[in-house]
Amino acid sequence: MALSRKLLGQDEHVILQTREHVKRLFPNIVGAVLIIVAAVLALTLPDNLPHWATIAIAAVAVVLLIIVFVWPWMNWMTSTYTVTNRRLITRKGVFTKTGHDLPLSRISNVAYEHDMIDRFFGCGTLILQSSASDPLQLHDVPKVEALHVQLTELLFDSPADGAGNGRARNAEADY
């Protein structure tokens with residue numbers, strides 16, 4: 001999950017690195033369990049199941065498990081959100097990697113939202129407004145309120161001595 005050091009600029013350091021909350025995979029986990037239960041029932045209930053039917057049921061179950069669970073899990077594992085002292089970096093993709101870098105200096109507003117389910121799981125959506133027409137929304141961010149505070153401090157607070165804009169502050173997080 002760690003962002004390669006070679007992708008960071010000189011004097012740039014990682015403040016936080018995370019991925020979407022695992023709740024994102026709950027529907028896939030339920031689907032995988034249902035597929036396994038259905039396959040086990042299909043293989044054990046009939047008394048005289050032909051050999052080719054056993055192989056067909058197992059093959060269909062494996063293909064469905066790959067589609068319903070393995071592929072979404074691989075996408076989840078390779079999708080990361082990284083905050084450095086200079087930018088916000090998003091990376092995702094298994095075979096085709098896509099990334100988005102947003103310099104912290106371009107962010108004009110930081111907001112978050114979380115519904116009842118998000119509050120239960122301790123995650124939410126982080127909304128970053130920049131000069132672009134549409135805000136950047138990072139969904140299912142773990143501990144979104146803490147990240148919101150941390151980004152706000154990085155962007156808008158000034159250091160104790162009154163000099164600078166707070167962007168150089170090192171605000172290491174325990175995530």
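**Loop, strand and pocket features of the predicted model**

Ser130 is located in the loop that joins strand S6 (123-129) to strand S7. The structure described here is a predicted model. In this model Ser130 has a relative accessible area of 13% and is therefore buried, the limit for that class being under 20%. Beyond the residues up to four places away in sequence, Ser130 touches Leu102, Arg106, Ile107 and Ser108.

A second residue of the loop between S6 and S7 is Pro135. With a relative accessible area of 32%, Pro135 is classed as partly exposed. Its contacts, leaving aside neighbours within four places in sequence, are with Ile127, Leu128 and Gln129. Pro135 and Ile107 are 28 residues apart in sequence, and their C-alpha atoms are 9.6 Å apart in space. Ile107 is also one of the residues touched by Ser130.

The protein chain as a whole contains 4 helices and 7 strands. Along the sequence, these elements follow the pattern β-α-α-β-β-β-β-α-β-β-α. The chain has 175 residues, of which 34% count as buried. Among contacts with a separation of 6 or more, 48% are made by residues 24 or more positions apart.

Strand S7 includes Val141. Val141 counts as buried, because its relative accessibility is 0% and the class requires a value under 20%. Outside its neighbours within four places in sequence, Val141 is in contact with Tyr81, Gly122, Cys123, Gly124, Leu126 and Leu147. The C-alpha atoms of Val141 and Thr125 are separated by 6.0 Å, although the two residues are 16 residues apart along the chain.

Strand S7 also takes part in the largest pocket, to whose lining S7 gives the most, with 4 residues. The space in this pocket amounts to about 290 Å³. Two or more lining residues come from each of strand S2 (80-84), strand S3 (87-92), strand S4 (98-103) and strand S7 (136-142). The lining comprises 15 residues in total, and those that lie nearest the centre of the pocket are Glu20, Tyr81, Thr90, Lys92 and Leu138. Tyr81 is thus placed at the pocket and is also in contact with Val141. By class, the lining consists of 8 polar, 4 charged and 3 nonpolar residues.

Aromatic side chains were examined next. A pair of aromatic rings is described by the distance of the centres and the angle of the planes. The model contains 3 aromatic pairs. In one of them, the ring centres of Trp71 and Phe95 are 5.7 Å apart and the planes lie at 25°; the pair is stacked because this angle is under 30 degrees. The two residues are 24 positions apart and belong to distant parts of the chain, with Trp71 in helix H2 (residues 51-77) and Phe95 in the loop between S3 and S4. Trp71 is partly exposed, at a relative accessible area of 37%, whereas Phe95 is exposed, at 70%. Ring pairs also join Phe26, Phe120 and Phe121 into a cluster. A further arrangement at an aromatic ring involves Arg19, the charged end of which sits over the ring of Trp76 at 4.9 Å from the ring centre.

Backbone geometry was considered last. Most residues other than glycine have a negative phi. Asp11, which is not a glycine, has a positive phi of about 65°. Asp11 is found in the segment before strand S1 (14-18). The relative accessible area of Asp11 is 61%, so this residue is exposed, the threshold being over 50%. Lys143 likewise has a positive phi, near 50°, and is a residue other than glycine. Lys143 lies in the loop between S7 and helix H4 (144-156). At a relative accessible area of 45%, Lys143 is partly exposed.

Conventions. Residues are numbered from 1 along each chain as its sequence is written. This is a predicted model: local features need pLDDT of at least 70, side-chain atom pairs count only at pLDDT 80 or more; totals for chains, interfaces and linings use all residues. Side-chain values use heavy atoms; hydrogens and water are left out. On a 1 Å grid over the protein atoms alone, a cavity is a set of points where a 1.4 Å probe fits but cannot get out, and a pocket is an open set with protein on both sides within 12 Å along at least five of seven lines; lining residues have an atom within 4 Å of a point. Grid points are joined across faces, edges and corners, and a volume is the space filled by probe spheres set on the points. Ala, Val, Leu, Ile, Met, Phe, Trp, Tyr, Cys and Pro count as nonpolar, Asp, Glu, Lys and Arg as charged, and the others, Gly among them, as polar. Rings of Phe, Tyr and Trp (its six-membered ring) pair if their centres lie within 6.5 Å; planes under 30 degrees apart count as stacked, over 60 as edge-to-face and the rest as tilted. Buried means under 20% relative accessible area, exposed over 50%, partly exposed in between (1.4 Å probe, protein chains only). A charge sits over a ring if NZ of Lys or CZ of Arg is within 6 Å of the ring centre and within 35 degrees of the ring normal. Contact means heavy atoms within 4.5 Å.
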